[in-house]
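Reader: I'd like to go through the labels one by one and see which cut-off sits behind each. Can we start with accessibility?

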Amino acid sequence: MSELLPIIILAGGNDRLETVPDGLTAADVLRGFKGAVRLPSGRCIADELVQRVRESGRFEAPVLVGPRRVYGDLVDCEIVDTSGDLLSTITAYTGLMTRRYPDRPVAVSACDILPTAMEFRELLDGLYRPYADSGLWWQLIAAEPAEMGASSWKPSYRIRPARDEPPLNLYPGHLLILRSGAVRLDWFNRFLMLAYRFRNRSVYERTVRITLRVLGLWLADDIRRVASLRWPYRVVAAPYGIFRTYFRYSRGSLTVPELAAELARQIMVPDGTPPAHSAAMVVTRIRSFAKDIDTRQELEEIRQ
């Protein structure tokens with residue numbers, strides 16, 4: 001790739017456990033600042049990620065968003081200091097994007113994934129480059145649970161890569177690339193926080209809970225549209241789009257392009273011109289982008 005991407009690494013912590021995943025106990029689930037956990041190399045997880053990001057040759061100097069009191073002596077990169085909770089982390093990364101990178105695509109990564117430098121290059125060169133003008137880019141990882149090792153418990157979704165192809169078992173990846181001018185960051189962050197909060201619940205329950213909790217955003221947007229003499233539609237169209245997508249998913253007919261199109265309708269800045277205001281989703285088999293470290297078993301697998 002000719003231009004290096006800025007990259008923001010989110011390194012907040014969370015002690016709140018909404019639901020224990022099936023097959024695990026509360027004692028299995030890691031709490032606190034996972035990125036600060038030491039590896040046999042002597043580096044913490046977040047610093048190991050920072051080094052691999054640098055070695056890939058695809059990014060500018062990484063910026064970590066998290067508490068300096070935790071990471072100050074652990075990571076070799078710039079730190080944007082926060083209290084460490086999810087809300088302060090999301091708020092800080094949003095401010096950083098809009099202030100420092102208003103017109104550029106920016107990679108945003110969880111702090112607890114460990115792709116190799118070669119895997120970063122493979123993903124970006126092969127699957128990001130064709131969509132580099134998009135407003136938002138995201139990857140889904142095709143793998144069966146048996147291929148995921150200690151991460152086999154993670155939620156996955158059977159979705160068709162294309163209408164004439166059979167469904168694949170897909171896990172969400174943990175690297176996003178987005179443009180702050182193309183994405184409604186307030187809405188996107190709200191969806192992101194709710195998806196994280198309800199991540200271990202059933203797809204139907206997540207759909208209902210998230211929809212109910214963002215009705216206020218849609219209603220406020222419609223009120224603003226009426227005030228500016230435009231037709232209100234969000235409070236009806238947005239829930240309809242979400243449940244239509246869920247219905248297609250439950251029938252096994254949902255495709256990755258359809259999911260990307262619905263995501264674009266939900267969170268991209270309206271009235272934009274493609275491709276800068278479109279969302280792109282790609283399918284890869286690089287499993288490390290789906291294997292964030294949530295449990296003691298996953299941590300032990302990484303350490304070995």
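Reader: What makes Y196 count as partly exposed?

Author: Its relative accessibility is 29%. Buried means under 20% relative accessible area, exposed means over 50%, and partly exposed is in between (1.4 Å probe, protein chains only). The value for Y196 falls in that middle band, so the label is partly exposed. Before we go on: this is a predicted model, where local features need pLDDT of at least 70, side-chain atom pairs count only at pLDDT 80 or more, and totals for chains, interfaces and linings use all residues. Residues are numbered from 1 along each chain as its sequence is written, and side-chain values use heavy atoms, with hydrogens and water left out.

Reader: Where does Y196 lie, and which residues is it in contact with, leaving aside its neighbours within four places in sequence?

Author: Y196 lies in helix 5; helices are DSSP runs of H or I with at least four residues, strands are E runs of at least two, and both are numbered from the N terminus. Setting those neighbours aside, Y196 is in contact with N14 and L86, where contact means heavy atoms within 4.5 Å. L86 is 110 residues from Y196 in sequence, yet their C-alpha atoms are 9.5 Å apart.

Reader: Why are helix 3 and helix 5 called roughly antiparallel?

Author: Their axes cross at roughly 150 degrees and come within 11 Å. Axes are lines fitted to C-alpha atoms, for helices over the stretch in contact, and angles run from 0 to 180 degrees between N-to-C directions. Under 35 degrees counts as roughly parallel, over 145 as roughly antiparallel, 65 to 115 as roughly perpendicular, and the rest as oblique. Since 150 is over 145, this pair is roughly antiparallel. Their crossing is right-handed, a term for the near helix being turned clockwise from the far one by less than a right angle (anticlockwise gives left-handed).

Reader: Which residues of helix 3 and helix 5 meet, and how many of them are charged?

Author: From helix 3 it's L86, L87, I90, Y93, T94 and T98, and they meet L185, F188, N189, L192, M193 and Y196 of helix 5. By class that contact has 9 nonpolar, 3 polar and no charged residues. Here Ala, Val, Leu, Ile, Met, Phe, Trp, Tyr, Cys and Pro count as nonpolar, Asp, Glu, Lys and Arg as charged, and the others, Gly among them, as polar.

Reader: Sticking with helix 3, how do you know whether T89 and S88 are buried or exposed?

Author: T89 has a relative accessible area of 3%, so it is buried. S88 comes in at 19%, and that still makes it buried. T89 touches L10, A11, G12, V65, T82 and G84, not counting residues up to four places away in sequence. With its own neighbours left aside in that way, S88 is in contact with T82 and S83.

Reader: Why are helix 1 and helix 4 called oblique?

Author: Their axes cross at roughly 55 degrees and come within 8 Å. That angle sits in none of the named ranges, so oblique is what remains. Helix 1 passes helix 4 in a right-handed crossing. L49, R52, V53, E55 and S56 in helix 1 meet A117, F120 and R121 in helix 4. That contact has 4 nonpolar, 1 polar and 3 charged residues.

Reader: What is the angle between helix 7 and helix 8, and what does that make them?

Author: They pack at about 165 degrees, with axes 10 Å apart. That makes helix 7 roughly antiparallel to helix 8. The crossing is left-handed. The contact takes R234, A238, G241, I242, R244, T245 and R248 from helix 7 and E258, L259, E262, R265 and Q266 from helix 8. These residues divide into 3 nonpolar, 3 polar and 6 charged.

Reader: Last one: how many disulfides does the structure hold?

Author: There are 0, a disulfide being a pair of cysteine sulfur atoms within 2.5 Å. C77 is in none, as the nearest cysteine sulfur, in C44, is 9.1 Å away. For C111 the closest cysteine sulfur is also in C44, at 8.5 Å, which is too far for a bond. C77 is buried at 16% relative accessible area, and C111 is buried at 5%.
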